[in-house]
Amino acid sequence: MPKPKSVYRCTECGHEHPKWVGRCEACGAWNAVAEEPVVVRAPVRGASKRAAGAHAAGPPPARLREVAARPLERWRTGLPEFDFVLGGGIVPGSMSLIGGEPGIGKSTLLLQAAARLEAGGRTVLYASGEESPDQIRLRADRLVDEDAGAVHVLGETRLEAILGAAAAARADLVVIDSIQTVYTEALESAPGNVGQVRECSGQLMRFAKETGTAVVVVGHVTKGGGIAGPKTLEHIVDTVLYFEGEATLDYRLLRTTKNRFGSVDELGVFSMTEHGLVAVPNPSAVFLAARAEGISGSAVTALMEGTRPVLVEVQALAARSGYGTPQRVATGLDPKRLAVLLAVLERRAQTSFADLDVFVQVTAGVRLNEPGSDLAVAAALVSSLYNRPAPPDVLFLGEIGLGGEIRPSGGLERRIAEAARLGFRRVYGSARSPAQVPGISVVGLEHIEQLVRALAA
Ligand code: TYD
Ligand code: MG
């Protein structure tokens, strides 16, 4: 049988090329042309007649109310933070992608989940092109909370073989570690190539939908922070999870950036121990555990991570600049947001950071993605500037406008309640929306000047 033919299609614009080229001839994108198999469809009888007007009868559309509303089945892995981030567990027939830098713990997490699912009576096939079964065994032996002995492992990178083994074992879940190491016979290009990643993902997705098997694939992360391979990979799958963390810290943050079966931006927290990953049920307490009281330049805020409030510490240091243009370094927040807040502090509250280097960071590798954390950043900056520690029992919560006005942020009650639970007694927030939570007093601020006065006093 002759080898199936391939075409080379640009993943950016879809233009077809007869052979591989480094740059798309149509749109000029570099490295976007990927091999894909030519799908030859058998000619359909009566096709010409149909083209003349009579269309093939497919299933008729249904009214939405007639569509049976089945509750979504979910398999709990029993790893609480993993299940939480997924929206309650793994959905049969779904395909998920878990991305993260090498060594962050993706394989460990999935092996632990696989072990727990097997213990609960599910069949899991763990196909690894990254490690041999012996190496997986060594990892499994380190785990104490799970016995991974029953997990089916396969050291195979040919997709057809993996799918065959999954079907033969009647696997409920197939783990592919990693999508960059597998290849399909349908293409000649090497594993990891954009075309391979795309085609293998497409085949895995069809396999998941047709058989009801859940599929989880591991994806490597590029320097830019995206999952290596085409962006379409993220579009294909149902759920995208990122596993991140600071190399030096033991915390690992698992976050959903896409979830067809749950809410996005949910954050699950683990700590990496000698014996595998352990879920951290109370992230706020852990993030604040290292906080040193009585030091200037520290302020605590409450972020909404998905549906859950999480407390984090913002630290700032304003120091006399050695030379030339002062530095502005932001870790865990957008440098542009820092620039805006510094400008507002200068113009609206007569503070000056002009000849100071400014460093701001967020603890535990968390990112500030919402304006509600502005007030905490400003408080940390002002506290450092005047070298006056902010009171340790105060939570800062609010958005700062360009006029220096302080605006309320959403989900106030839940954030404040989380702070109250952790022993905070006061909230500095916007005067425009006084939230009431027992045990905590809210200090309403109109303008950033009031914050500066309160902290500098
Ligand atoms: P791993 O799951 O291999 O990461 P990834 O698949 O994302 O590349 O994690 C490997 C790291 O985790 C490695 O540095 C060793 C460490 N580790 C522990 O600290 N404790 C453990 O019990 C295990 C299994 C790994
Ligand atoms: Mg791995």
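The following exchange asks how several labels in this predicted model follow from their definitions.

Me: What should I know about the numbering and the model before reading the values?
Reply: Residues are numbered from 1 along each chain as its sequence is written, while chains are lettered from A and ligands numbered from 1 in the order in which they are written. The model is predicted, so local features need pLDDT of at least 70 and side-chain atom pairs count only at pLDDT 80 or more, whereas totals for chains, interfaces and linings use all residues, and side-chain values use heavy atoms, with hydrogens and water left out.

Me: Why is D83 said to have no salt bridge, and which side chain of opposite charge is nearest?
Reply: A salt bridge requires a side-chain nitrogen of Lys or Arg within 4 Å of a carboxyl oxygen of Asp or Glu. The nearest side chain of opposite charge to D83 is R76, at 4.2 Å, and D83 therefore has no salt bridge under that cut-off. D83 is nevertheless buried, a term that means under 20% relative accessible area, with exposed meaning over 50% and partly exposed in between (1.4 Å probe, protein chains only).

Me: What makes the pair formed by G78 and the side chain of D83 a polar contact?
Reply: The backbone nitrogen of G78 lies 2.9 Å from a polar atom of the D83 side chain, and a polar contact is a pair of N or O atoms within 3.5 Å, where within protein one must be able to donate a hydrogen and the other to accept it, and residues adjacent in sequence count only if both atoms are side-chain atoms.

Me: How do you know that ligand 1 has polar contacts with R142, T273 and E274?
Reply: A nitrogen atom of ligand 1 is 3.1 Å from an N or O atom in the side chain of R142, another pair joins a ligand nitrogen to a backbone N or O atom of T273 at 2.7 Å, and an oxygen atom of ligand 1 is 3.1 Å from a backbone N or O atom of E274. Taken alone, ligand 1 exposes 560 Å², of which the protein buries 74%.

Me: Why is R170 called exposed?
Reply: R170 has 69% relative accessibility and therefore counts as exposed. R170 also has a positive phi near 50° although it is not a glycine.

Me: What makes Q350 exposed?
Reply: Q350 has a relative accessible area of 54%, so the label exposed applies. Its phi is positive, at about 50°, and Q350 is not a glycine.

Notes. Lys, Arg positive; Asp, Glu negative; His and termini not counted. Areas by Shrake-Rupley, 256 points an atom, 1.4 Å probe, with all protein chains shown as cover.
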